[in-house]
Structures are given as C-alpha cells and as structure tokens.
Amino acid sequence: MHPFHTIIEPFRIKSVEALRFTTRDERIATLARADHNVFKLAADAVLVDLLTDSGTGAMSSAQWGALMQGDESYAGSRSFFRFESAVRDLTGFRHIIPTHQGRAAERILFHTVLHPGDIVPNNTHFDTTRANVEAEQAEARDLVIEEGRQPGVIHPFKGNIDLAALEALLETEGDRVPLVMVTVTNNSGGGQPVSLANLRGVRALCDRYGKPFFLDACRFAENAWFIRQREAGQAGRSPRDIAREMFSLADGCTMSAKKDGLANIGGFLAMNRDAWAEACRTLLILTEGFPTYGGLAGYDLEAIARGLEEVVEESYLRYRIRSTEYLADKVRAAGVPIVQPAGGHAVYLDARALLPHIPPLEYPGIALLNALYVEGGVRGVEIGTVMFGLHPDGSEAAAPLDLVRLAIPRRVYTQSHIDYVAEVVIHVAGMRGQLRGYRITSAPRVLRHFTASFEPLG
Ligand code: F0G
C-alpha cells in the first residue's frame, strides 16, 4: 500500500449535470408554494439534494454500456438470465423475481404470506415496509437493540435486532409470526449495520421456531463493509464474501436495486421456498409483469446485474463509507447532535436534541429540514414524527426519534459539495433559537410525509 491517507473518489467524471443556484428569497417563496414540504419542491430548485440515496446514484460507464446490451424480449430475455445469475451468485437464493422497486417486492411478499393479525418482527421497518405490512392488517413490530434507540450512544452494530425480545415474541406469539425480517443496514434507525453474529442468532431462532428469515437487503454491501471493519475476525475477507454469508443465513430477501444495486430503478424478491415463490410469481404477473422482467426494461436488468458487481468492490465501499463519515465528523465537531456513529448511506441529524424548544408534535424535523433548504438549498428528509407518528387507528404520538436524514447519493457529489453541506448544517444549528415548529394543515392517512401540507407556527 502507498503511504497516503486521503481516500479519493475511486472514479473520474465523464459527464456532468449543471446545478442551478437560487437566492434565499426565492427559496422562501418556493418552499411556501410547496406547502412547506420539501417532497413537493421541484428538484431544480434544490442545490444539493440529499433527500434520498435511492435511485439517485450515478451509473458507471460500464453500466451505461450494458444498457445497450438490453434484450427487450417479453419472455425469456437474455438480460433476465444475466440479472438472475448475478443475483443468484451473490445471494444463493433459488427463486429470483424481478420487481420495479423494493416496495413492490414487499407488497408481493406480504400480500402472499400475511394474514390479518399476523406480526412481522424486524430490527426497524422502513416506512414502505411498515405500510405494506399494515396494508394486510398485520402488525410491523420493531425490535432493534436498546442502543439502537439512543442517538448519542456509540455501538458498532446499532442495527442489531434484540435477540431476547425476538425469542420472547416467538415463544409467546409465534403462531402469529409467518416470517422474521432484518433490515441491512437499518435505515430508519440511522443507517446502522447488523453484525454477522446477530444474523446467526436470528438464523438459530428461526430454525428453533421453524420460521423463514428474510433480509430487507437494500444496503447489503454497506452492511458488509461495516462487518469487515468492525466485527472480530472479518477484516481479511472481501465484502462480496461477507455479503454472501449474510444472504446464506437467510431464506430470502426483498431488495431495492435503487440503493446497493447502483441502478436508478429496479428491485427483486428472492427466496428458497417453492410454494411461496410460485404464489408470488402469480401476483407478479397480475401487477408487475411477466416473471422475466417484473416491471423493468431489459436494459434495467443489465444495469442492475453490473451494479451488483461494482457495489462490492473494496475501493468503492471504502470511499462510500468514509465520505458519509466525513460529513458526520465535520458537523459533530461543531457540536451538532447526530446519530452516532455515522450511518452507511446517510448522516442523521438529531432534530429533537438540537431543537428542544419545539415539541415532537410541532415537528422539529420539519423545522430543521426547512431551514436547511431556505438557508442553503440543501434538501434532506424527516425521519420522525411526521413519518411514523400517525397510527393505523388515526391517533398521533411522538415517534421514538425526530431525525433529519441527509442521504448521500452514490458517486454523485464530490468532497466540496459535502464541505458546503457541512457549512450549511453548522450555520443552521447556530440559528436554532430562531426556528419555530409547524402544524399539519392536510395529510392523507397513510405515508403522510410524502404529501402533507404544513404551516409554520408563531
Ligand atoms: N427498505 C428500505 C430499508 C428502504 O430504505 C427502502 C427505500 C425500501 C425498503 C423500499 O424500496 O424505494 O425501492 O420501493 N428507501 C428509500 C429511502 C425510499 O429514501 O430511504 P423502494
């Protein structure tokens, strides 16, 4: 190895997309027209867009080249077989079912296997996962370890599921649990990883109680890198080898290829159970498409197949995880409260800790989010009481945490963009006393964060 410490972007740039600069006054007016909900902003009005790392990554020249190889045959396309073998090589699962994105895989799986009154345990369900469980009148139960609920507590695997709580659930209410899920990395809990030891523990419990174990595998490669960095005995292994072991412990997975598939669209459902797979394929044909394309174009399948190879490259993952940590280090050094340690794909600002004068039901996450946009044109997303505070019975309560997630698109922004974002965050934290809460003026009953309208208080 060479003697230099700087971790550089492991790519050079072949094509660029211009950013549009706006003034603070323009942003104030634009945000008001968007009902103070950054989801309703035109992306052109955003300077640095950290709303999500989903589908927003830059594809490689090899992926763009692969697009031209796309076989658009309706049935049995060459691109499907290439996709299927890339997914099977990585995961080892028998049945590989393409879907247009992750939530389609969730919907098809849950609609096929859940009954009203069932319980699906997970470390922390992502919002679409929870909504798809609840759409089947089943319960999404979050069993992340205690450390994972405390933003300031440092733990190497804060995404781990509480094995004792899972065991207690399987012991007392196991007849209502058709499958166990674990999300890697744990997005709603701060992008925190799950250890191999924890996954082995889940496997052992699932064997003991006869339950299938599914991974929500959206960020499997980032999780594998954390295992390599943090888990005893793993440092010498390739990320791909670790990822393979993660999948080998499970019976299936749902996947959004918009994250660690390095693609702009796509996903899959994979599993070993023949009977479930057959029922899922039937539903797939009804809502997504024929089983060899599942709502995707042949060229999308090519991009995913290639993306799954690139995402486990060491140079990529080293840069990816370090660039997120770099932003976290900068804002934390300035005293901004964040979920620690940094997540894989995002830095999570602790809006509740930063803005103690704004109670959870006045949405401190929205206050912080909107200030980041007005002051610097930076867009993030609230992961807090707006996203998770409304329950199926219509009642509203504070979510466990009020976070603002700054998710970093893959291979899109350079270090100077991130330096700028850190400057904006620190500036807004410095004016925290001036920030005020919000009230909701209208919202749908499910997944309200996407379309709710807000009004500033006071
Ligand atoms: N599971 C997790 C852990 C996710 O983070 C997401 C999406 C999904 C499932 C659903 O996948 O979007 O392809 O349907 N997360 C995005 C985000 C939207 O911004 O975190 P999808």
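## The main nonpolar core

Let's start inside the protein. The largest nonpolar core has 55 residues, and the members that touch the most others are Val182, Leu215, Phe220 and Met246. Helix H8, spanning residues 220-230, gives this core its largest share, with six residues. Both domains take part: at least three core residues come from domain 1 (24-53 + 314-456), and at least three from domain 2 (61-310). Keep in mind as you explore that this is a predicted model.

## Around Met246

Met246 is a handy place to centre your view. Setting aside neighbours within four places in sequence, Met246 is in contact with Val184, Leu196, Leu199, Leu215, Phe220, Asn223, Ala224 and Ile227. Two of these partners, Leu215 and Phe220, are also named with Met246 among the core members that touch the most others.

A second core, separate from this one, holds 50 residues, among them Val378, Ile418, Val424 and Val425.

## The overall fold

Zooming out, you will find 16 helices and 14 strands in the protein. The radius of gyration is 21 Å, close to the 23 Å that the globule rule gives for 458 residues, so the protein is as compact as a globular protein of that length. Along the principal axes, the C-alpha atoms fill a box of roughly 60 × 55 × 45 Å.

Contacts often link distant parts of the sequence: of those between residues at least 6 apart, 72% join residues at least 24 apart.

## Inside and outside

How many of the 458 residues count as buried? The share is 59%. On the outside, the protein exposes about 18200 Å², with 54% of that area supplied by carbon and sulfur atoms.

How values were computed:
Residues numbered from 1 in each chain as written. Predicted model: local features only at pLDDT ≥ 70, side-chain atom pairs only at ≥ 80, totals over all residues. Heavy atoms only, no water. Core = buried A, V, L, I, M, F, W, Y, C linked by side-chain atoms within 4.5 Å. Buried < 20%, exposed > 50% of the residue type's maximum accessible area, 1.4 Å probe, protein only. Helix = DSSP H or I, 4+ residues; strand = E, 2+ residues; numbered from the N terminus. Domains from an automatic or database assignment. Contact = heavy atoms within 4.5 Å. Rg over C-alpha atoms; globule rule 2.2 N^0.38 Å. Areas by Shrake-Rupley, 256 points an atom, 1.4 Å probe, with all protein chains shown as cover.
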